[in-house]
Amino acid sequence: MAISSERHTDQFEFGIHTFGDVTSTPDGSRTLSQPEVLRNILEEAKLADRVGIDVIGIGEHHRPDYAISAPDVVLSAVGAATERIKLISAVTVLSSDDPVRVYQRFATIDGITGGRAEVSLGRGSFIESYPLFGYDLSDYEQLFEEKVDLFAKLRSEGRVTWEGRTRAGLKNQEIYPKTNHENGLPTWIAVGGTPNSVVRAARHGVGLELAIIGGAPPRFAPMVDLYYRALQEFGHGQDFRVASHSHGFVAETDEKAKEIFYPSWAETMAQLGRERGWGNGYPGRDQFEQEITHGALFVGSPETVADKIVKTKEALGITRFGLKYGNGPLAHEHMMEAIELYGSKVKPLVLEKLGS
């Protein structure tokens, strides 16, 4: 069922997301170093800004197959090298970080870039950060619950008193720097479809970011309905944003997009399968095709990807779509081509179909 949206009337936004996947050269002969990957991300961000993409999201991981462990640092560099694109984490693993320092870092980026910073808070899809920073996985739920609660209070940008078990309390403390946003730093909570996480976002009065990485996007419609019902119950009103994030790739034709993207996607999925006990083999091409036709992969020509974005907006009432444009060893050169097409072709097609 399509979700009517009188709720938030901002123009639809187009984002790109990267985790800093460690990539290879186009011919696969060499794996790039992590410093090379970081420099390439900066080039990708500058291109995104030039072609009119609205938002760039930088993810946090602490693994050998990703180059980004400090998204705020990368976003600072991106902000200095760009003029208009919004800067968001995708995500900040708040459970293993300190809410005060996260707020200060992103408020600093916001001030330097003239109000372009946002933060997306999550627990992360991997657990490496917990032992790395000395946290016990048995506290997984409580860490996130308490730290989000503190972060929400910090958004008032006034004096804060707070107590919890997972961090030292605050008594009438004020946090600096301030932002120029009326309601504090623009904040989202990223969820993978857990109702409790959806309700948490509504309770704290922040945006909802749906990580749709498997299955058909319309199946998340009940989560969006739950979010807006919960907002009303918590007395926040309806003027809040919903975004979605999915993996994908754009090329000149459907066939070219599939041929370039499939090997990297299959390699990444096989690695995750080995780690998480899904199996040892590479996912079949049939599964890949199913995820494009009926599932969460946005892979194809500009027309194909644009059509799927429009259908997702109609099904969920989202106000922003984020494309995770890299995957595993997929070469920087291919990602640059995809970013160019996403900004110059996909965005205009979607806006035309939406009548914007």
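In this predicted model, the lining of the second largest pocket breaks down by class into four nonpolar, seven polar and six charged residues. That pocket holds about 340 Å³ of space. Its lining comes to 17 residues, and nearest the centre sit Arg 155, Asn 183, Gly 184, Pro 186 and Arg 241. One of these, Arg 241, turns up again in a salt-bridge network described further down.

The largest pocket offers about 1100 Å³ of space. Its lining takes in 48 residues, with Phe 19, Ser 125, Ala 211, Ile 213 and His 247 closest to the centre. Several elements chip in two or more residues each: strands E5 (117–122), E8 (187–191), E9 (207–211) and E10 (242–250), together with helices H8 (254–276) and H9 (285–293). Helix H8 supplies the largest share, at five residues. Sorted by class, the lining of the largest pocket has 20 nonpolar, 18 polar and ten charged residues.

Away from the pockets, the largest nonpolar core counts 94 residues. Leu 210, Tyr 227, Ile 309, Leu 316 and Tyr 342 have the most contacts inside this core. Tyr 342 shows what that looks like for a single side chain's neighbourhood: leaving aside residues up to four places away in sequence, Tyr 342 touches Phe 14, Gly 15, Ile 16, Ile 53, Val 250, Ile 309, Phe 321, Leu 323 and Lys 347. Ile 309, then, is both a contact of Tyr 342 and on the list of core residues with the most contacts.

Helix H6 (residues 195–203) also has a buried side to report, made up of Ser 197, Val 198, Arg 200, Ala 201 and Ala 202. An α-helix has 3.6 residues a turn, so residues three or four places apart point the same way. In H6, Ser 197 and Ala 201 are both on the buried list, as are Val 198 and Ala 202. The cover over the buried residues of H6 includes helix H5 (140–154), strands E8 and E9, and helix H7 (221–233). After H6 comes Gly 205, which has a positive phi, near 65 degrees.

As for charged pairs, the model has 28 salt bridges. In one of them Lys 324 pairs with Asp 21, and the closest N and O atoms are 2.8 Å apart. Lys 324 belongs to strand E12 (residues 320–324), while Asp 21 sits in the loop between strand E1 (13–18) and helix H1 (34–50), so this pair ties together parts that are 303 residues apart in sequence. Both Lys 324 and Asp 21 are buried.

The salt bridge between Arg 105 and Asp 97 has its closest N and O atoms 2.7 Å apart. Arg 105 is partly exposed, at 23% relative accessible area, whereas Asp 97, at 18%, is buried; the cut-off for buried is under 20%.

Arg 203 and Glu 145 make another salt bridge, with 2.6 Å between the closest N and O atoms. Here the partners come from two helices, Arg 203 from H6 and Glu 145 from H5, so the bridge ties together parts that are 58 residues apart in sequence. H5 is also among the elements covering the buried residues of H6. Both partners are partly exposed: Arg 203 has a relative accessible area of 31%, and Glu 145 comes in at 28%. Elsewhere, salt bridges with shared partners link Glu 13, Lys 86, Glu 118, Arg 241 and Arg 320 into one network.

Conventions:
Residues are numbered from 1 along each chain as its sequence is written. This is a predicted model: local features need pLDDT of at least 70, side-chain atom pairs count only at pLDDT 80 or more; totals for chains, interfaces and linings use all residues. Side-chain values use heavy atoms; hydrogens and water are left out. On a 1 Å grid over the protein atoms alone, a cavity is a set of points where a 1.4 Å probe fits but cannot get out, and a pocket is an open set with protein on both sides within 12 Å along at least five of seven lines; lining residues have an atom within 4 Å of a point. Grid points are joined across faces, edges and corners, and a volume is the space filled by probe spheres set on the points. Helices (H or I, at least four residues) and strands (E, at least two) are DSSP runs, numbered from the N terminus. Ala, Val, Leu, Ile, Met, Phe, Trp, Tyr, Cys and Pro count as nonpolar, Asp, Glu, Lys and Arg as charged, and the others, Gly among them, as polar. A nonpolar core is a set of buried Ala, Val, Leu, Ile, Met, Phe, Trp, Tyr and Cys residues joined through side-chain atoms within 4.5 Å. Buried means under 20% relative accessible area, exposed over 50%, partly exposed in between (1.4 Å probe, protein chains only). Contact means heavy atoms within 4.5 Å. A salt bridge is a side-chain nitrogen of Lys or Arg within 4 Å of a carboxyl oxygen of Asp or Glu.
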